[in-house]
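Here is a short report on one protein chain. Please keep the sequence and the 3D view open while reading.

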Amino acid sequence: MCIRDREKNLGIRYENVFDFKERVAGLDSGKCDIATITIDSYLTNGQEADYPGAIVFLIDESFGGDAIVGGPKVNTLDDLDEKGIRGSLVGFSPSEFLLKSSISHFKLENAKSKVASFRAENSAEAFNRFKQGEADFAVLWQPFVSQAVDQIPGAKVVLDTTQARGVILDVAVASRKTLVKEPEVIKELTKGYFRALHYYLNRPAEFEALAAAYSGESSDVAAGMLAGIRFITLKENAEEWFGLQSGALSKLVECIERIHKICRDVGDLSSPPAGGSFYG
């Protein structure tokens, strides 16, 4: 996202860039002033560029919107570690990280070695491989989770993000260069975002209509998608996630530490951050 401030009349150009590495490169090069990204993706893709942005606010947390869906051979997470079990998921996506968090927590070494073989190019391919019996489980997001359970015999949710909290978190990362040179730009954008969020959270029917228009899905499907996301308000950002009132270690830092450990456990990162601190 590129932002320019003309006496606080912000000019915004929004680009939907699917490659997380490219989003980080945009922050590093100055091509964009702010990027939205999951914390795990920023940790893994930002290391090479020495983390060119700082998290300025949290957007949302997956809360049931992402799930590991098992077929007849996969009834528990332990079954993922059985030899010969095949999986399907969108590569380098929140789905992959949800699986990796389970691999780290439950020590699923066989599954760990096969993650690359599970990768599909897109969500439709990941779903279809599972539906056609080419995979014994799939890691999906809505509406594909509901479609899998409804359409595929024996399919069931093994784990979703209501049970794996603080794992898939979307954040807004502002360019450090912009924060130094034009802090008011980021401030105004942040104010505008939270005004809009407050408006739509208090008008759920309008929010559903907006989500339907953006996604191209029906109103019912859009409502289901929104139900799997917990948007984080300005008050929650300040008090709960950044700990601005308590002064204690923030929930955000605790989640970053936990996510960083998962990334190390599965081999995506090899060492702690420079200086050993997640602040700054």
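Leaving aside neighbours within four places in sequence, which residues is alanine 67 in contact with? The answer comes from a predicted model, and it leads into the first of two sheets.

## Alanine 67 and its surroundings

Alanine 67 is found in strand 5. Its contacts, neighbours within four places in sequence aside, are Leu98, Ala138, Val139, Leu140, Val145, Val157, Leu159 and Asp160. Alanine 67 has 0% relative accessibility, so it counts as buried. The cut-off for that class is under 20%.

Across the pairing, alanine 67 stands opposite leucine 140 in strand 8. Glutamine 163 is 96 residues away in sequence, yet the two C-alpha atoms, of alanine 67 and glutamine 163, are 9.6 Å apart in space.

## The five-stranded sheet

Strand 5 belongs to an open sheet of 5 strands, in the order 7-6-8-5-9. The pairing is mixed. Strand 7 (119–120) and strand 9 (156–160) are the edges; each has a single partner strand, so one side of each lacks a neighbour in the sheet.

Strand 5 (residues 66–70) and strand 8 (residues 137–141) run antiparallel, joined by 5 bridges. One bridge pairs aspartate 66 with tryptophan 141 of strand 8. Helix 3 (residues 94–106) packs on this sheet and touches strand 5, strand 6 (87–90), strand 7, strand 8 and strand 9. The direction of helix 3 makes about 70° with that of strand 5.

Strand 8 also pairs with strand 6, this time parallel, through 2 bridges. Here glycine 87 stands opposite phenylalanine 137 of strand 8. Of the 5 residues of strand 8, 4 are buried, so the strand is largely enclosed by the rest of the structure.

## Serine 101 in helix 3

Is serine 101 buried or exposed? Serine 101, found in helix 3, has 10% relative accessibility and therefore counts as buried. Not counting residues up to four places away in sequence, serine 101 touches Val167 and Ile262.

## The four-stranded sheet

A second open sheet has 4 strands in the order 3-10-4-11. Its pairing is antiparallel. Strand 3 (34–38) and strand 11 (229–231) stand at the edges; each has a single partner strand, so one side of each is left without a neighbour in the sheet. From one strand to the next, the twist averages 30°.

Strand 3 pairs with strand 10 (residues 169–175) over 5 bridges, in the antiparallel sense. Threonine 38 has aspartate 170 of strand 10 as its bridge partner. Helix 8 (residues 183–201) packs on the sheet, touching strand 3, strand 4 (53–62), strand 10 and strand 11. The direction of helix 8 makes about 10° with that of strand 4.

## Helix 2 against helix 12

How do two helices meet elsewhere in the chain? Helix 2 (residues 39–46) and helix 12 (residues 251–265) pack with their axes 10 Å apart, at an angle of about 60°. The two helices, helix 2 and helix 12, are therefore oblique to each other. The crossing of helix 2 past helix 12 is right-handed.

Which residues make the contact between helix 2 and helix 12? Helix 2 supplies Ile39, Asp40, Leu43 and Thr44. Helix 12 supplies Leu252, Ile256, Ile259, His260 and Cys263. Of the residues in this contact of helix 2 with helix 12, 6 are nonpolar, 2 polar and 1 charged.

How values were computed
Residues are numbered from 1 along each chain as its sequence is written. This is a predicted model: local features need pLDDT of at least 70, side-chain atom pairs count only at pLDDT 80 or more; totals for chains, interfaces and linings use all residues. Side-chain values use heavy atoms; hydrogens and water are left out. Axes are lines fitted to C-alpha atoms, for helices over the stretch in contact, and angles run from 0 to 180 degrees between N-to-C directions. Angles under 35 degrees count as roughly parallel, over 145 as roughly antiparallel, 65 to 115 as roughly perpendicular and the rest as oblique. A crossing is left-handed if the near helix is turned anticlockwise from the far one by less than a right angle, and right-handed if clockwise. Contact means heavy atoms within 4.5 Å. Ala, Val, Leu, Ile, Met, Phe, Trp, Tyr, Cys and Pro count as nonpolar, Asp, Glu, Lys and Arg as charged, and the others, Gly among them, as polar. Two strands pair if DSSP finds at least two bridges between them. Buried means under 20% relative accessible area, exposed over 50%, partly exposed in between (1.4 Å probe, protein chains only).
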